[in-house]
Amino acid sequence: MTETGRKPRRAWIARLSPQGEVDLDRAACPRAIVEDAVARVGEDPVCWAIELGSVVVRRIVDEVPALGGSPAAVELLRRGNEATTLRALSTLVEGPGAAPPTAEAALEGIREFVHRAVPLEQVLRGVRIGHAATTEAFLRAGAELVDPEAAVEEVTAISRELFSYVDKLADTMIRAYLVEHEVWSTSAAAARADIVRSLLGDAATTDVGEASRALGYDLRRTHEAVVVWSDSPNGSSTLQAAAIAVLRARGATATLVVPVASGRLWAWGAVPAGGTRRAGSWETVVEALSRQQVHAAFGTPVDGVVGFCRSHREAERGERVERLRREAGRVPRHATAYADVAAVALLATDLDAARRVDRAQPLHDWSAAAPFSGRSAGRSGSRRPPCPRRGPAARRVLPSPLRWG
């Protein structure tokens, strides 16, 4: 039994002990958190977790130097890592429902990263590195301390529970980062929006290097634009989290997010040149958007500042097609790739022009071409132009009933 009176789920955790001397009075996280953890799991396991936390932090800083930078910054990182490791320990012993809530110490460093302009991508990389190192230590300890007959089952359960724990923790950290970023950079966000609108209006007159520095985003890369919107009054941080998640799923290594209205934002991701895509990226995008009940339209990846603008215009056209589909009573789609709706999007841009085209060659006479999916584009790397022969699709999407002339 632990001091809290609960029967531990995993008795072997009580046998964890540090390799060296650990002074609980010198723990980085608040004393109340340490004392609570001792009451839940015992002193030796807590010392083991604190020792592990120091090792993990060193690995994180070695691989993502931006998360360190100074002794004070490293100590703040250690404080947060200790708090999350102790909570993971309690979760494994008592179960997710009985574990203490995410400590303020775990989120304190997130605000510091925002103030230091550390990109969210680097913060999440640090989370992944920490998760891998911590999970490795727990699995190794479990394999050593659990009865061999039960070791495989126990190690599998530990891995599953830690993955679930870190997944929820990462989501909490993303939201904390975005909320703080919104508060911290209100004026900076307005300045970035002005720069982006200037680029979209006349990119030729913009100093690309200066604009890249001001935006914190390299305009000389290959860009995939996305417009993200919601039908419900979701907070800006929810939409931003969705935009970053889908762009990362598409292979983006850096992102730029610009809220433009309530429930709507523009975003760009710096993606690999040549159209290389992660396997299953489109399915991941659709699932993420569906889960958060938001919608997104993607442009095609294009290079440089010209591509930054072109991909954005394509994303907006894709958004317009999806809105017209819904007005026509079609089932809403959470994700729209411009390459799949290019011809319809061009027709929808100028309905009067579409009527003139229909008089010259009726839409119902046009042959339907095989769809050019953003999903297949990534695997083939092809950039063939979208075929305009999609009359039947256009009739289903454009405002109904269609009365030409």
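Modeller: Let's start with what a pocket is: on a 1 Å grid over the protein atoms alone, it is an open set of points with protein on both sides within 12 Å along at least five of seven lines. Its volume is the space filled by probe spheres set on points joined across faces, edges and corners. The model here is predicted, so local features need pLDDT of at least 70 and side-chain atom pairs 80 or more, while totals for chains, interfaces and linings use all residues. Residues are numbered from 1 along each chain as its sequence is written, and side-chain values use heavy atoms, with hydrogens and water left out.

Colleague: OK, how much volume does the largest pocket have, and which residues lie nearest its centre?

Modeller: The largest pocket comes to about 1000 Å³. Its lining has 34 residues, with Leu124, Asp167, Ala170, Ile174 and Arg248 nearest the centre. Elements giving two or more residues are α5, α6, α9 (236-249) and α10 (281-292), and α5 has the largest share, 8 residues.

Colleague: What makes a residue part of a lining, and how does this one divide by class?

Modeller: A lining residue has an atom within 4 Å of a point. For the largest pocket the split is 17 nonpolar, 7 polar and 10 charged. Here Asp, Glu, Lys and Arg are charged, Ala, Val, Leu, Ile, Met, Phe, Trp, Tyr, Cys and Pro nonpolar, and the others, Gly among them, polar.

Colleague: And what lines the second largest pocket?

Modeller: That one holds about 710 Å³. Tyr177, His181, Arg192, Leu215 and Thr255 sit nearest its centre, out of 32 lining residues. Two or more residues each come from α4, α5, α6, α7 (186-201), α8 (208-215), α9 and β2 (254-261); β2 gives the most, 6 residues. The classes are 19 nonpolar, 9 polar and 4 charged.

Colleague: What makes a space a cavity rather than a pocket?

Modeller: In a cavity a 1.4 Å probe fits but cannot get out. Searching the whole structure with a floor of 30 Å³ turns up 1 cavity. The largest cavity has about 360 Å³ of space. Asn81, Thr84, Val127, Leu169 and Met173 are the closest to its centre, among 26 lining residues. α3 (71-94), α4 (104-115), α5 (120-145) and α6 (148-184) give two or more residues each. Its lining has 16 nonpolar residues, 10 polar and no charged.

Colleague: How do you know where α3 and α6 start and stop, and why are they called oblique?

Modeller: Helices are DSSP runs (H or I, at least four residues; strands are E, at least two), numbered from the N terminus. α3 and α6 pack at about 135°, with axes 11 Å apart. Axes are fitted to C-alpha atoms over the stretch in contact, and angles run from 0 to 180 degrees between N-to-C directions. Under 35 degrees is roughly parallel, over 145 roughly antiparallel, 65 to 115 roughly perpendicular and the rest oblique. α3 and α6 are therefore oblique.

Colleague: Which hand does that crossing have, and which residues make the contact?

Modeller: α3 and α6 cross right-handed. Thr84, Arg87, Ala88, Thr91 and Leu92 of α3 touch Ile158, Glu161, Leu162, Tyr165, Leu169 and Met173 of α6. By class, that contact has 7 nonpolar, 2 polar and 2 charged residues. Contact means heavy atoms within 4.5 Å.

Colleague: What makes a crossing left-handed, and how does α3 pass α4?

Modeller: Left-handed means the near helix is turned anticlockwise from the far one by less than a right angle; clockwise is right-handed. α3 passes α4 in a left-handed crossing, at roughly 145° with axes coming within 7 Å.
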